[in-house]
Amino acid sequence: MQVIIFAILSLIFIDSIYLTLPKFMKYEKHVQFQLGNKTITAKIRDGDYINAFSLYNGDIILTSASLNLKEEEIKAMIAHELGHIKLHHHIKMLILINILVFALLNSVTNILFFIPLAITLILFQRYLSRFFELQADSFATRIVDKEVLHEIIIKYGERKSNILSTHPSALTRIKKI
Ligand SMILES: [Zn+2]
């Protein structure tokens, strides 16, 4: 019983941090992009590397270096992030992490059960993360040019991927688009 209470309190702590994170993010500026008939606002964070990510509340964030890319390329990155948002990947992943943490904390006293469960759940979480990346790519091709998305993935995607990676390799992503 105490373990369950501890697990619930841990999840409340983890979820509160995750859910309040957007309030603590600081941005340099906001830039608007036209994607089809929609105007998307990207929030810019200082960074000398190319990267884009999104948050569960719908925020799309780009590093300042990403603004040096061609507009088409920036739009391809935004379209991928829009895929994560529209397909509710953040909340689905949060639910999975809640299940994972709850299951692990409740089985920590039984090591024979805990280790295989931990391995299975972590591998599943990574598999789902890679699957979500492919889904976001596929979503992006509906609103931006496939070739531009290909170029961006080749230039900035992960070279290699394994069962613990959060992203598929650039080659896998291009094959699936
Ligand atoms: Zn992604």
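**Helix packing around α4**

The buried residues of α4 are covered by, among others, α2 (71-86), α3 (89-107), α5 (146-156) and α6 (170-176). Here contact is taken as two C-beta atoms, placed from the backbone, lying within 7 Å, and helices (H or I, at least four residues) and strands (E, at least two) are DSSP runs numbered from the N terminus. The model is a predicted one, in which local features need pLDDT of at least 70 and side-chain atom pairs count only at pLDDT 80 or more, while totals for chains, interfaces and linings use all residues. Residue numbers start from 1 along each chain as its sequence is written.

As for the overall layout, the protein chain has 6 helices and 4 strands, and from the N terminus on its elements run α-β-β-β-β-α-α-α-α-α. The C-alpha trace spans about 55 × 35 × 30 Å along its principal axes. Of the 177 residues, 17% are buried, meaning that 20 or more other C-beta atoms lie within 10 Å of the residue's own (12 or fewer is exposed, in between is partly exposed, and C-beta atoms are placed from the backbone). Among contacts with a separation of 6 or more, 54% link residues 24 or more positions apart.

Back to α4 itself. This helix takes in residues 111-140, 30 in number, and reaches 43 Å from its first C-alpha to its last, close to the 44 Å expected at 1.5 Å a residue; the expected span is 1.5 Å times one less than the number of residues. Its buried positions are Phe132, Glu133, Ala136, Asp137 and Ala140.

α3 packs on α4 at an angle of about 175°, with the axes 10 Å apart. The two helices are therefore roughly antiparallel, the word used for angles over 145 degrees (under 35 is roughly parallel, 65 to 115 roughly perpendicular, the rest oblique). Axes are lines fitted to C-alpha atoms, for helices over the stretch in contact, and angles run from 0 to 180 degrees between N-to-C directions. From α3, His89, Leu96, Leu100, Ala103, Leu104 and Ser107 meet Phe113, Phe114, Leu117, Ala118, Leu121, Gln125, Leu128 and Phe132 of α4. That contact divides into 11 nonpolar, 3 polar and no charged residues, where Ala, Val, Leu, Ile, Met, Phe, Trp, Tyr, Cys and Pro count as nonpolar, Asp, Glu, Lys and Arg as charged, and the others, Gly among them, as polar.

α3 also packs against α1 (residues 2-24), at an angle of about 150° and with 9 Å between the axes, so this pair too is roughly antiparallel. Val3, Ile4, Phe6, Ala7, Ser10, Leu11, Ile14, Asp15 and Tyr18 of α1 meet Leu94, Asn98, Val101, Phe102, Leu105 and Asn106 of α3. The tally for this contact is 11 nonpolar, 3 polar and 1 charged.

Then there is α2, with 16 residues that should span 22 Å at 1.5 Å a residue; its end C-alpha atoms are 22 Å apart, so the two agree. Its buried residues include Ile74, Met77, Ile78, Leu82 and His84. Ala76, also in α2, is buried because 27 other C-beta atoms lie within 10 Å. Leaving aside residues up to four places away in sequence, Ala76 touches Ala140, Val144, Val148, Leu149 and Ile152. The C-alpha atoms of Ala76 and His150 are 9.2 Å from each other, although these residues are 74 residues apart along the chain. Just after α2, His88 adopts a positive phi of about 55°.
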